[in-house]
Each structure stands twice: as structure tokens, then as C-alpha cells.
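This briefing is for a reader meeting the structure for the first time. It begins with a pair of strands and then takes the remaining topics in groups.

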Amino acid sequence: MNAPYDTVRASQSWLARSSDSPSSLKVVDDVPSDLANCADEHGSLVTVEPVDWIICFVPGLKRQWWHRFVHHKHKHVFAMRPTNTGSWLLVEPWWTRMMVTILPPADAVKFLRWGGTGDILRVREQVPGRASQMRGWSNCAVITAFVLGRPSWTWTPHGLYKELLREKTTRRENVEQLLVDQFAKVVSQYSSNALSVSADQLSLPLRELLIIIGRNLLETMMTPALLEVCYTAILEADRYPNATRVYAQHGPKRAIAVLTKILARAKQAGEIDLADCEAGARQFLGMLYGNIHLEAVLQLGAIPTLSEIDLRARTAVKVFLDGAGPDETAILERPVLRKDGGSLPMATRRAWVYLR
């Protein structure tokens, strides 16, 4: 599933702006002429490409008197579409208003589960559309058809369902596959950004390279959008295991694979001596994340600052490569007392460190 961007994707129609002078343009009074010059062939200030909408035909949440007169599973209809940040855009007609909002993944799953109790269709919108505002009573079916740009004259959700189902491009969807596709796209995108290493960085010493990757991984994992996706994957693990599994495959498993290659390369160059590079990658990732990621997912504390992330990455790399013991310099600087209360000379201390 190609998740659309949550920002307007303008085409390059701005290259074909009108060459007429501002004074020759026919515009409405009080409208700046430069805005009229920006309008495309359909009269819109921005030109957008059509995207897919997830149309959910659902039974009601609460009983209404008119439910007996409509289809048993198609009593209401609303539209959703995923963004590239893991959230979902919701357009739901109410009796008293039109609700248009951005839903975090966990809340979006509630609406998708509701959609799963009825029927879910994937429908490509028509731009600029062929709908009409001369419809009179604007119920949920009429407004949804208008969002899709369809010239539909049906008054019921079931009637709109049958019309959309007759279109060749319409596809049926299920909740778990929608989540699988969304998780795979979002987590892959973030993981690729965090694990991308330039050729110059690959030539750095292992210590510096691991600090860079560790810092990038922590910054990425602390991104609010990715924390919400992780929370949803944990929350829905029993209900939608495939979605949780794809999160692990495109997130932690991918990081382990990249780190394993880096450690194997360092081992071949003689920088480290690891019996199992994959086990070492898992250990480093565990040391890097610790409880900080889980606490962020569960909102148990504040998100660490960039300086705190940098310190944590450096500490994890030091402990991973050097161990937790003090280095020789620190031991030499520590006074070693004799029985009579005096301190050992430096040469004796060096020998003591060597024998130790």
C-alpha cells in the first residue's frame, strides 16, 4: 500500500503559470492578482495527485430508530487514509458537524476495527471530481461520495457501497493487512534514515562509527510518530500479530543486521575479537536502548534531550568495546597505600597493574 504524504504534494504545474500581466487577469474584487496567477486549470491554488481512500461501511455504535430501514452492516460510512508518519486522516460525517482530524495509530485502529465489523474498500479519489453540491440533504453517504468526487445520487451507505464496488479499481481491504502495510512503510522509512551510513563514515574507526549509528538510532526511536507506532504494535500484538511481527522485522531486526555487518567488517580488520558478531550486535542494541525506549513508549518520563542521547550513545559504545572496568590511567592515578601508610612509587604501581 502506498501511503500518501500528509502534506500537499504540489505538481510542477507552477512552471506553466500564466504569462499575462497582472493587470490583464480577470479576478474577483479584493483578490490579489498573484493568487489568480497561481490557480491551475481547475481553479485550485495547488495541484494535487489523486490518492487512495479507505472507505469503511459500518453498523452503528448505538441503536437508532432509523436503523431498521437500512442495511444491517452498512448503516454509516466514513473515510480514512494513512499518512507517511504513521497517523491517519479521518473524515467522518456526523449529524451535527463534519469531523476531520488526524488520528494517532492507536486511535486509528479503533476506527479500522469498526470498519472490520462491516466492509472496507480502497477507492481512488477523482481529481478535480465530478460530484455536485446540488444534493440537498447531506448525510454520510452523500458527503463521502462528494469527498471521492463521485457523481453519486444514492442516499444510503449500502447504495454507495454497491456503486463503488462496481468500479474496476476498487479493492476490498482487511484491517490487519492495512496495519501491516502501514507499519512496514513507516518503520522502514525511519530505519533507513537512522541506519544510512555514508562512505566517509564507513572509513571511520569502529568506535566513532558506532557512536554515530547509536546516536542516530536513539534519535529515531525517540521520534513521537515512531513511538506511537511501537505502542500500537505492542497494544495490538494479540489481535494483529502479523502487524507486530512486521514492526520487529523492519525495526530491531534490520538494525541488528546492519550492526552485524559492521562488526563482522571490524573483526576481519582486526579491530575487535568477537566469536558471534550477531550476538554482539544484539548486546550493543540492548545496551543502547536499555529501559529508555520502553519508558518513552509508555510515557513514563520525559523524552531525552540530544545531549543526553549523545552521552548515552558514547557510554554504550565505551562499555561495549572496553568493558565496565576502569582503564589503566585511572588505576595509575589512584594511590596504592603501603602497610606503613605511604604510597607505592609509580614504577611499582605500573608493575602491579601489569600483574593484576
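Strands β3 and β4 run antiparallel and are joined by six bridges. The model that shows them is predicted. In this pair, Trp88 of β3 stands opposite Leu103 in β4, and a hairpin of four residues leads from β3 to β4.

**The chain overall**

- The protein chain has 15 helices and six strands.
- The chain holds 356 residues, of which 40% count as buried.
- About 21000 Å² of the protein chain is exposed, and carbon and sulfur atoms supply 54% of that area.
- Among contacts in the protein chain with a separation of 6 or more, 62% are between residues 24 or more positions apart.

**The sheet**

- The six strands make an open sheet, ordered β4-β3-β2-β1-β5-β6, with antiparallel pairing.
- The edges are taken by β4 (residues 98–103) and β6 (residues 171–172); each has a single partner strand, so one side of each has no neighbour in the sheet.
- Strand β1, residues 52–58, pairs with strand β2, residues 76–82, over five bridges in the antiparallel sense.
- Within that pairing, Val58 is placed opposite His76 of β2.
- Strand β1 also pairs with β5, again in the antiparallel sense, and this pairing has six bridges.
- Here Phe57 is the residue opposite Asp119 in β5.

**Strand β1 and its two faces**

- Is β1 buried or exposed? Seven of its seven residues are buried, so the strand is largely enclosed by the rest of the structure.
- Side chains in a regular strand alternate between the two faces of the sheet.
- In β1, Asp52, Ile54, Cys56 and Val58 point one way, while Trp53, Ile55 and Phe57 point the other way.
- The residues of both sets are buried.

**Helices on the sheet**

- Helix α2 (residues 105–116) lies across five strands: β1, β2, β3 (residues 88–93), β4 and β5 (residues 119–124). The direction of α2 is at about 140° to that of β2.
- Helix α3, residues 140–147, also packs on the sheet, where it touches β1, β2, β3 and β4. The angle between the directions of α3 and β2 is about 30°.
- Helix α4 spans residues 157–165, and its buried residues are Pro157, Gly159, Leu160, Tyr161 and Leu164.
- Which elements cover the buried residues of α4? The cover includes strands β1, β2, β5 and β6, together with helix α3.

**The contact of α2 with α5**

- Helix α5 (residues 175–195) packs with α2 at an angle of about 145°, and the two axes are 9 Å apart.
- On the α2 side, the contact is made by Val109, Leu112, Arg113 and Gly116. On the α5 side, the residues are Val175, Leu178 and Leu179.
- Sorted by class, this contact has five nonpolar residues, one polar and one charged.

**Two threonines**

- Thr260 is located in helix α10, which covers residues 252–268.
- With a relative accessible area of 18%, Thr260 is under the 20% cut-off and is therefore buried.
- Apart from neighbours within four places in sequence, Thr260 is in contact with Cys277, Glu278 and Ala281.
- Thr305 sits in the loop between α12 (residues 292–297) and α13 (residues 306–322).
- The relative accessible area of Thr305 is 40%, so this residue counts as partly exposed.
- Thr305 and Met222 are 83 residues apart along the chain, and their C-alpha atoms are separated by 9.7 Å.

**Cysteines**

- A disulfide is a covalent bond between the sulfur atoms of two cysteines.
- How many disulfides does the model have, counting cysteine sulfur atoms within 2.5 Å of each other? The count is zero.
- Cys230 is buried, its relative accessible area being 5%.
- Cys277, one of the contacts of Thr260, also counts as buried, at 11% relative accessibility.

Terms used
Residues are numbered from 1 along each chain as its sequence is written. This is a predicted model: local features need pLDDT of at least 70, side-chain atom pairs count only at pLDDT 80 or more; totals for chains, interfaces and linings use all residues. Side-chain values use heavy atoms; hydrogens and water are left out. Two strands pair if DSSP finds at least two bridges between them. Contact means heavy atoms within 4.5 Å. Axes are lines fitted to C-alpha atoms, for helices over the stretch in contact, and angles run from 0 to 180 degrees between N-to-C directions. A disulfide is a pair of cysteine sulfur atoms within 2.5 Å. Buried means under 20% relative accessible area, exposed over 50%, partly exposed in between (1.4 Å probe, protein chains only). Ala, Val, Leu, Ile, Met, Phe, Trp, Tyr, Cys and Pro count as nonpolar, Asp, Glu, Lys and Arg as charged, and the others, Gly among them, as polar. Accessible areas come from the Shrake-Rupley method with a 1.4 Å probe; for residues, only the protein chains shown count as cover.
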